[in-house]
Amino acid sequence: MSKLLILIPAFNEEGAIGGVVNEVRAVMPGIPVLVVDDCSVDATVHKARAAGAKVLSLPHHLGLGGAVQAGYRLAFELDYDYVIRVDGDGQHDPRDLPKMLEALEGKGEREKCEMVIGSRFVDGSGAHSGWLRAIGIVFFRAMLRPIIGRPVHDPTSGFVGVNRTALSLFSRSFPLEYPEIEALVVLQRKRFRFVEVPCRMRPRRTGRSTITPFRSLYYMVHVLLGVFVNVLKFEGRRK
Amino acid sequence: MDRLLNVMTGFSVLLIGMVLLSVRRAHIRVEYSVSWLAAALVLLALSRWRALLDRIGSAMGINDAPLALLVVTGALFLLVLYRLSMMISSLKDANIALAQRLAILEFRLESHEEAKTPGN
């Protein structure tokens, strides 16, 4: 039987993490839930453990990519076949997890793939969470189209599932800051396949989004550079 | 303008002294002091060797020797900073890998101990 792990990276999410873990466990009973705590200074670890999750505690703050990669490394070492990442702020709806897993397993008429993205926009029904994010998504969609060779509706989604092949790659090398878009480019360059599955997105349960105009600009420049470097790296290898 | 060259000489000597002192006190590792010492020695040589500085200046299209020295200084320090950025990146990668490894080992140790505890 295939082994699935639900991975939840969290940083100072004491207000939401318990609820997220409980919801995941209710939807996917018997499936292990791993919270990767990125050195929170609040009660995230305690709340996650109390809700029944295992916790991988990082000794210092590594950022989202470093936390996710730590989880991928552990999952790879523990021989998991699939890992689905859910954000710790409660924005991702765990009720979408079963169809993410079905897509990863290639059940039904679906083509088997290495990565599944839970997308707010694939069926055109999703709502943007803010004008800055909306601009970013439109911009990155347009930028990724020629690189990936097909449309990606929700390139910034963190609701992502990977199979063991992608897990093997990401446990060795994973973008450390703002990983979602760069990871897509890395996958495409390795000729891995991905599919988008329509998913629901909810407002944050607690806390505030860290997106500001300056951070958005930094994010765009950083991701553009990361994508450019990844394209060059792989183009160089092909020669 | 010779005063500027003298100032650069003093600055180079000061930099060499500070770097050597820091190495002696183990505040800077020897391998990281090399680029600073090399840059300071080049500046010292150029600030004292006027003929060489004039030649370099004319090769760059700068007739003013002190200005040429400032341009060379800027370029040298940019190179040193670039090298430091590479070192920091490499150290950061190593640090992230170590932090992840430590967390994973701790997790596996805890799981192992939980499994050994009677009643589990």
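Start with the sheet in chain A of this predicted model. Select its strands: the sheet is open, has seven strands in the order 3-2-1-4-6-5-7, and its pairing is mixed. Now pick out strand 3 (54-57) and strand 7 (194-198) of chain A, which stand at the edges. Each has a single partner strand, so one side of each is left without a neighbour in the sheet. Looking over the whole sheet, neighbouring strands are turned by 20° against each other on average, direction ignored.

Next, select residues 4-10 and 82-85 of chain A, which are strand 1 and strand 4. These two run parallel and are joined by four bridges. For one bridge pair, show A:Leu5 together with A:Val83, its partner in strand 4 of chain A.

Add residues 63-77 of chain A, helix 3. Which strands does helix 3 of chain A lie across? They are strand 1, strand 2 (33-37), strand 3, strand 4 and strand 6 (160-163) of chain A. Against strand 1 of chain A, helix 3 runs at about 155°.

Move to chain B and select helix 1 (residues 2-24) and helix 4 (residues 65-116). Their axes are 10 Å apart and the packing angle is about 25°. Angles under 35 degrees count as roughly parallel, so helix 1 of chain B is roughly parallel to helix 4 of chain B. The crossing of these two helices is left-handed. To see the contact, show side chains of B:Leu4, B:Leu5, B:Met8, B:Phe11 and B:Leu15 from helix 1, and B:Pro66, B:Leu69, B:Leu70, B:Thr73 and B:Phe77 from helix 4. Nine of the contact residues are nonpolar, one is polar and none is charged.

Keep helix 4 of chain B and add helix 2 (residues 30-48) of chain B. Here the angle is about 175°, again with axes 10 Å apart. Helix 2 and helix 4 of chain B are therefore roughly antiparallel to each other. Among the residues that meet are B:Tyr32, B:Trp36, B:Val42 and B:Leu46 in helix 2 of chain B, and B:Leu69, B:Leu76, B:Val80 and B:Arg83 in helix 4 of chain B. This contact divides into 14 nonpolar, three polar and two charged residues.

Finish by displaying both chains. How many residues does each chain give to the contact? Chain B gives 15 residues and chain A gives 18. About 1400 Å² is buried between chain B and chain A, and carbon and sulfur atoms give 59% of that area. Select B:Gln100, B:Ile104 and B:Phe107: in chain B these lose the most area to chain A, together 41% of what that side buries.

Conventions: Residues are numbered from 1 along each chain as its sequence is written. Chains are lettered from A and ligands numbered from 1 in the order in which they are written. This is a predicted model: local features need pLDDT of at least 70, side-chain atom pairs count only at pLDDT 80 or more; totals for chains, interfaces and linings use all residues. Side-chain values use heavy atoms; hydrogens and water are left out. Two strands pair if DSSP finds at least two bridges between them. Axes are lines fitted to C-alpha atoms, for helices over the stretch in contact, and angles run from 0 to 180 degrees between N-to-C directions. Contact means heavy atoms within 4.5 Å. Angles under 35 degrees count as roughly parallel, over 145 as roughly antiparallel, 65 to 115 as roughly perpendicular and the rest as oblique. A crossing is left-handed if the near helix is turned anticlockwise from the far one by less than a right angle, and right-handed if clockwise. Ala, Val, Leu, Ile, Met, Phe, Trp, Tyr, Cys and Pro count as nonpolar, Asp, Glu, Lys and Arg as charged, and the others, Gly among them, as polar. Buried area is the accessible area (1.4 Å probe) that two parts lose on being put together, summed over both.
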